[in-house]
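Q: Got a minute to walk through this one with me? I'd like to start with the strands.

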Amino acid sequence: EEELKISRVVEIIKETGFTVVASSSDWRCRLEAHKRTENQEFKAIRKRFIEIFFFSIPVLISSHFNNYLALIFSIPLHLYAAFDLYAMALKSNCMERLIMMSCLSSLLYSLAYFGRQHEMFDCAAVVLILFTGGKLIEAILKRRIVGNCDSLLTMMTRNNDLFMMKIGQIYELKEGDLIPIDSEVIEGNLFVEESTLTGEPLPKNKTINDHVLAGTRVYCGEGKVQAIRSLENSFINKLARAVFEPMMSSKGKSRQDTGIAEKVSRVFIPMIL
């Protein structure tokens, strides 16, 4: 609530010997944590795709003229490049398990009928490329969503003094300044560029009693403004939260859907076998 000042909370925490980096209830802290997790997942997915693609190309080429080479090249593909994928399949990831079954089935079929008819070493390679490639595209789209939130994040200053700013505090603005908090003009005349929030291409003239929004920039002019909202109740914070919260809830929903799919797969996969 507005009555509970963030500055007082910071003082209490510092008295216990800790350091406050940012408000723990601020969406930006959760976004940073989410970005780190997504970044680690993206690197792992990209690494897996590159390795599978690299080891699959020799299999795809050699399978058309030399089955012995295709067999040799399939060994590092399945034992090294696709090993992590198979390990995930053993942990009840239903989609990965189906991929593992199809790849190993084609591999075992090729070994069982090696030299007697057309082998299917290349089929396993194609399946692995398509599956990991689809996962990589999905990860890229997720990074774009996080990037949209990050563009809002970079509008705001990273100065910790911002979290100490109180409602009613007066500060000066001049040309080029980034407005740190929703405020009201009490002196001067400002032209504020709000295209990052409203999409309007031209700066808007702000005079006395007009409101200016956090995340916008002073195009020209000078003046004094008074803070009217806390950072967590600012327009940009609500806008970013509107983008960020559904992304997190959808991730939780996907985990729930995955749990349901795993329950179905416990019956479905044995029936298929």
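Q: So how many bridges join E2 to E4, and which way do the two run?
A: Strand E2 (residues 183-193) and strand E4 (residues 211-212) are joined by 2 bridges and run antiparallel. Strands here are DSSP runs of E, at least two residues, and helices are runs of H or I, at least four residues, numbered from the N terminus. Two strands pair if DSSP finds at least two bridges between them.

Q: Before going on, what sort of model is this?
A: It's a predicted model: local features need pLDDT of at least 70, side-chain atom pairs count only at pLDDT 80 or more, and totals for chains, interfaces and linings use all residues. Residues are numbered from 1 along each chain as its sequence is written, and side-chain values use heavy atoms, with hydrogens and water left out.

Q: OK, back to E2. Which residue in E4 is the bridge partner of Glu184?
A: That's His211.

Q: And how many bridges join E2 to E5?
A: There are 10, with E2 and strand E5 (residues 217-227) running antiparallel. Within that pairing, Lys224 of E5 sits opposite Glu187.

Q: What about E3, how many bridges there?
A: E2 pairs with strand E3 (residues 204-206) over 3 bridges, again in the antiparallel sense. Asn205 in E3 stands opposite Phe191.

Q: Where is Leu202 found?
A: In the loop between helix H7 (195-198) and E3. Its C-alpha is 8.7 Å from that of Val192, and the two are 10 residues apart along the chain.

Q: Is Leu202 buried or exposed?
A: Exposed, because its relative accessibility is 64%. The cut-offs are under 20% relative accessible area for buried, over 50% for exposed, and partly exposed in between, with a 1.4 Å probe and protein chains only.

Q: Switching to cysteines: how many disulfides does a search of the whole structure find?
A: It finds 0, a disulfide being a pair of cysteine sulfur atoms within 2.5 Å. For Cys103, the nearest cysteine sulfur is that of Cys123, 9.7 Å away.

Q: Is Cys103 buried or exposed?
A: Buried, at 0% relative accessibility. Cys220 is partly exposed, with a relative accessible area of 25%.

Q: Last topic, H3. How many residues does it have, and how far does it reach?
A: Helix H3 (residues 67-81) has 15 residues and reaches 20 Å from first C-alpha to last, close to the expected 21 Å. The expected span is 1.5 Å times one less than the number of residues.

Q: Which of its residues are buried?
A: In H3 those are Ala70, Ser74, Leu77, His78 and Ala81. An α-helix has 3.6 residues a turn, so residues three or four places apart point the same way.
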